[in-house]
Structures are given as structure tokens and as C-alpha cells.
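Trainee: I have a protein model open in front of me and would like to learn how to read it feature by feature. Could you take me through it slowly?

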Amino acid sequence: MHLAYPAVLAALLFCTGLYGVLARRNAILVLMSVELMLNAVNLNLVAFDVWLRDTLHTGQALTLFTIAIAAAEIGIGLAIVLAVYRNRGTADIDKLRDTADDAPAGTTAPTDDPREEKAEATA
């Protein structure tokens, strides 16, 4: 078996997943892109396991562990996304980054610097 074919396919899958993680704004699509990246790693593990003719089939065992971890990650990730969507009404990652923008009008966001709080209190 030629190792180049699955390695090139895995590289293309990984690059597609990386693009999805970096370019997408929807949290569900980001999770799907992470899954695509993990599947590229799984493909590499199985391909190298077959290429090395490992008697213990270590690559296949690691692939099973990766699949189990990916399933748990998706379950927890979707639960977090659903909880955030229920609280904020959006799954857009750009809108979830800044929590200071959610402060009501006329109020200021809390700061970490006590000098700024004293200056605001005296003003």
C-alpha cells in the first residue's frame, strides 16, 4: 500500500477542518470542523499502522480512543452551545467573545483596576 494517498487525503481533510475552525462564526460548524480534523488524524493513524505492519495494531487502538474522545467532546460541546444559545439567543462566536458588550445602557463594565473604580466614584 502506498502511504502517500491516505497521507495526502488526511492533509486535505485537516486543512479543510482548520479553515473551518478559523473562518466560521457558527459554533456548530466549528465543532464539525474539529471533528473533520480528528478524522484526518484517525486516517493517518490507521494508514501508518497498516504501513508499518504493527502486530499490536497500536494505530487502530489509538484511533478507537480518539473516536471515543471525539464523541465525548461533541456531546459536551453541543451541550455548551445549546446552553449559550438559550441564554444569549445566538450561537455566533464573534458575539460571544466580548461579554462587556452585554452590559445595559448607562452602566459601565466592571474593571480589574481599582484605581479606575476610585476615579469613577469621585467623578
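Mentor: Let us begin with one residue, keeping in mind that this is a predicted model. D94 has a relative accessibility of 34%, and because buried means under 20% and exposed over 50%, D94 counts as partly exposed.

Trainee: Which residue forms a salt bridge with D94, and how many salt bridges does the structure hold?

Mentor: The general idea is that side chains of opposite charge can pair when their charged atoms come close. Here D94 forms a salt bridge with R25, and the closest N and O atoms of the two are 2.8 Å apart. The pair links distant parts of the chain, since R25 sits in the loop between α1 and α2 while D94 belongs to helix α4, residues 93-97, with 69 residues separating them. R25 itself counts as exposed, at 54% relative accessibility. The structure holds one salt bridge, so you will not need to search for others.

Trainee: How many helices and strands does the protein chain have?

Mentor: The protein chain has five helices and zero strands, and when you read along the sequence the pattern is α-α-α-α-α. To see how parts of the chain come together, look at contacts between residues with a separation of 6 or more: 54% of these in the protein chain are accounted for by residues 24 or more positions apart.

Trainee: What does T66 touch, and is it buried or exposed?

Mentor: T66 has its place in helix α3, which covers residues 58-88. Its relative accessible area is 17%, and because the cut-off for buried is under 20%, T66 is buried. If we leave aside the neighbours within four places in sequence, T66 is in contact with L38, N42 and L45.

Trainee: Where is S33 found, and which residues is it in contact with?

Mentor: S33 is found in helix α2, residues 27-52, and with a relative accessible area of 10% it is buried as well. Again setting aside neighbours within four places in sequence, S33 is in contact with G17, G20 and V21. For the whole picture, 20% of the 123 residues of the protein chain count as buried.

Trainee: Which residues do E73 and I74 touch?

Mentor: Both can be read in the way we read T66, beginning with the place in the chain. E73 lies in helix α3, and I74 lies in helix α3 too. E73 is partly exposed, with a relative accessible area of 24%, and I74 is partly exposed at 23%. Not counting residues up to four places away in sequence, E73 touches L31, V34, E35 and L38, while I74 is in contact with L31 and E35. You can also compare separation in sequence with distance in space: E73 and E35 are 38 residues apart in sequence, yet 9.2 Å apart from C-alpha to C-alpha. For I74 and I28 the corresponding values are 46 residues and 9.6 Å.

Trainee: How many aromatic pairs are there, and why is the pair of F48 and W51 described as edge-to-face?

Mentor: A pair of aromatic rings is described by the distance of the centres and the angle of the planes. The count comes to one aromatic pair. The rings of F48 and W51 have their centres 6.0 Å apart and their planes at 85°, and because planes over 60 degrees apart count as edge-to-face, this pair is edge-to-face. Both residues lie in helix α2, three residues apart, which is about one turn of the helix. F48 counts as partly exposed at 36% relative accessibility, and W51 counts as partly exposed at 46%.

Trainee: Which residues form the nonpolar patch on the surface?

Mentor: The patch is formed by F14, L18, L22 and V41, which together have about 350 Å² of accessible area. Helix α1, residues 4-23, gives the most to it, with three residues. L18, which has its place in helix α1, is partly exposed with a relative accessible area of 35%.

Trainee: Which helix has the lowest mean pLDDT, and which the highest?

Mentor: Where pLDDT is low, the predicted coordinates should not be read in detail. Among the elements of the protein chain, helix α5, residues 114-122, has the lowest mean pLDDT, at 61, and α1 the highest, at 97. The mean for the protein chain is 85, and 78% of its residues reach 70 or more.

Note on methods. Residues are numbered from 1 along each chain as its sequence is written. This is a predicted model: local features need pLDDT of at least 70, side-chain atom pairs count only at pLDDT 80 or more; totals for chains, interfaces and linings use all residues. Side-chain values use heavy atoms; hydrogens and water are left out. Helices (H or I, at least four residues) and strands (E, at least two) are DSSP runs, numbered from the N terminus. Buried means under 20% relative accessible area, exposed over 50%, partly exposed in between (1.4 Å probe, protein chains only). Contact means heavy atoms within 4.5 Å. Patches are made of residues with over 30% relative accessible area and no salt bridge: like charges are joined within 9 Å, nonpolar side chains (Val, Leu, Ile, Met, Phe, Trp, Tyr) within 5 Å. Accessible areas come from the Shrake-Rupley method with a 1.4 Å probe; for residues, only the protein chains shown count as cover. A salt bridge is a side-chain nitrogen of Lys or Arg within 4 Å of a carboxyl oxygen of Asp or Glu. Rings of Phe, Tyr and Trp (its six-membered ring) pair if their centres lie within 6.5 Å; planes under 30 degrees apart count as stacked, over 60 as edge-to-face and the rest as tilted. pLDDT is the predictor's confidence in each residue, from 0 to 100.
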